[in-house]
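Welcome, and thanks for stopping by. Have a look at the sequence and the structure, and then let us talk them through.

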Amino acid sequence: MPKVKFGVIVFPGSNCDHDAHHAVGAVMNHDVRYIWHKESSLEDVDVVIIPGGFSYGDYLRCGAIARFSPIMKDVVRFGRRGGVVMGICNGFQILTEAGLLPGALLRNDSLRFVCKDVYLRVENTHSRFTGDCVAGDVLRIPIAHGDGNFFADDETLNRLEGNGQIVFRYSAPAGELTDGANPNGSSRNIAGIINETGNILGMMPHPERACDAVLGNTDGQKIFKSLVESFSVHEVVNNLS
Amino acid sequence: MNRKSQASTFREWSVFHSTITVTLRKSILDPQGKAVEHGVHSLGYDRVAHVRIGKYIEFDINTNDRTEAERITKETCEKLLSNPVMEDFSYTVEEKKSKVHA
């Protein structure tokens, strides 16, 4: 399989950039490089990862300042043209602030920073981030956030549901959607969504922290593996046409 | 330069001062407000209700044109200071006189 070129954006205050780099580079064996937020071009990357952390200290609102960093102009251009963008945790918050994904992430309803493993039921197994999953799959993935309470108005939530844009929901280990399994008060237990065209994913949980076998959990690999395989599928389609 | 002639070149100049409050939209549960309300009730002020927590932001705008000052304030609220998905904002814009060199 050809190598996919990943770019990990680094903002002042990013702190999961190395985790993401390690997961896709050292563990998954693909090409990866850091992209400093002051750069103006993504150049030739296939996938942009906006990693977790506390960009700009979460001042004003999480992600509100980061979206004005020079590189974000090119991320928006890239994403709107169908380029693959993956925002994890703070990266998800940045994508909503930048208008690439709908909704917003509110303070956790517990008012606490929550750092633990959670279970995610895969809701859409046809996205390019979940093609390697089968219906009913439940992944164990860690979360670490204080503002992960996904909010959108009912009309938007209904649209997300109707379009299959809800990719992951917080569930019990066997897959039941319960209030108890919802760690932050998210509307309809939403943990991750894609945009309408399916090329941009935002999720609060950290799949990059569940890739290296030495950490005892490789469930996160399924997401990166799906993504990488989606490129081969697209190439096959392109070669046939 | 002659000090006297310099002193005579002061003139009055106005700037505008904006004060902005940003709060969670009324339809959104504000858990911080709830927690503070609980504290207020613990102090015995049980008539206090609907506590909401928000943000306060202030700045000056170097213009002597009120319309422009109000436009800038509104635009910064819409584009950066608040997120319309989850927040409402309100502001006041007041004229401030100060003396500057002409």
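What follows is a conversation between a visitor and a guide about this predicted model.

Visitor: Let us start with chain A. How many helices and strands are there in chain A?
Guide: The model is predicted, and local features are described where pLDDT is at least 70. Chain A holds five helices and eleven strands.

Visitor: In what order do the nine strands of the open sheet in chain A stand?
Guide: The pairing in this sheet is mixed. Neighbouring strands are turned by 25° against each other on average, direction ignored. Reading across chain A, the order is β2-β1-β3-β4-β11-β10-β9-β6-β7.

Visitor: Which strands stand at the edges of that sheet?
Guide: A strand at an edge has a single partner strand, so one of its sides is left without a neighbour in the sheet. In chain A that describes residues 31–36 and residues 138–145. These are β2 and β7.

Visitor: How many bridges join β3(A) to β4(A)?
Guide: Start on the other side of β3(A), where β1(A) pairs with β3(A) in the parallel sense over three bridges and A:Gly7 has A:Val48 as its bridge partner. Towards β4(A), the bridge partner of A:Ile49 is A:Met86. β3(A) and β4(A) run parallel, and the bridges between them number four.

Visitor: Which residues of β3(A) point the other way from A:Val47 and A:Ile49?
Guide: In a regular strand, side chains alternate between the two faces of the sheet. In β3(A), A:Val47 and A:Ile49 point one way, and the residues on both sides are buried. Pointing the other way are A:Val48 and A:Ile50.

Visitor: Do β10 and β11 of chain A pair in the parallel or the antiparallel sense, and what stands opposite A:Gly192?
Guide: Strand β10 of chain A covers residues 190–194, and β11 covers residues 200–203. Three bridges join them, in the antiparallel sense. Opposite A:Gly192, in β11(A), stands A:Met203.

Visitor: A helix packs on the sheet there too. What angle does the direction of α3 of chain A make with that of β4(A)?
Guide: Helix α3 of chain A spans residues 90–97 and touches β3, β4 and β11 of chain A. Its direction and that of β4(A) make an angle of about 120°.

Visitor: Why do the buried residues of α2(A) line one face of the helix?
Guide: An α-helix has 3.6 residues a turn, so residues three or four places apart point the same way. The buried residues of α2(A), which spans residues 70–80, are A:Ile71, A:Met72, A:Val75, A:Phe78 and A:Gly79. Seen down the helix axis they line one face, because they fall within an arc of 120°.

Visitor: Which exposed residues does the opposite face of α2(A) carry, the one turned away from its buried side?
Guide: The buried residues of α2(A) are covered by elements including β1, β2, β3, β4 and β11 of chain A. After the helix comes A:Gly82, with a positive phi near 100°. On the face turned away from the buried side, the exposed residues are A:Pro70 and A:Arg77.

Visitor: What radius of gyration does chain A have?
Guide: Buried residues make up 53% of the 241 residues in chain A, and its C-alpha atoms fill a box of roughly 45 × 40 × 40 Å along the principal axes. A compact globule with 241 residues would have a radius of gyration near 18 Å, and chain A agrees with this at 16 Å.

Visitor: And what radius of gyration does chain B have?
Guide: The elements of chain B run α-β-α-β-α-β from the N terminus on, and buried residues make up 15% of its 102 residues. Its C-alpha trace spans about 65 × 35 × 20 Å along the principal axes. A compact globule of 102 residues would come near 13 Å, but chain B has 21 Å.

Visitor: Does B:Lys74 count as buried, exposed or partly exposed?
Guide: B:Lys74 lies in helix α3 of chain B, residues 66–81. A residue needs 20 or more C-beta neighbours within 10 Å to be buried and 12 or fewer to be exposed. B:Lys74 has 15, so this residue counts as partly exposed.

Visitor: How many residues of chain B are in contact with chain A?
Guide: On the side of chain A that touches chain B there are six nonpolar, one polar and four charged residues. Those eleven residues of chain A meet chain B residues numbering eight.

Terms used: Residues are numbered from 1 along each chain as its sequence is written. Chains are lettered from A and ligands numbered from 1 in the order in which they are written. This is a predicted model: local features need pLDDT of at least 70, side-chain atom pairs count only at pLDDT 80 or more; totals for chains, interfaces and linings use all residues. Two strands pair if DSSP finds at least two bridges between them. Helices (H or I, at least four residues) and strands (E, at least two) are DSSP runs, numbered from the N terminus. Axes are lines fitted to C-alpha atoms, for helices over the stretch in contact, and angles run from 0 to 180 degrees between N-to-C directions. Two residues are in contact if their C-beta atoms, placed from the backbone, lie within 7 Å. The arc is that of the directions from the helix axis to the C-beta atoms. The radius of gyration is taken over C-alpha atoms; the globule rule is 2.2 Å times the number of residues to the power 0.38. Ala, Val, Leu, Ile, Met, Phe, Trp, Tyr, Cys and Pro count as nonpolar, Asp, Glu, Lys and Arg as charged, and the others, Gly among them, as polar.
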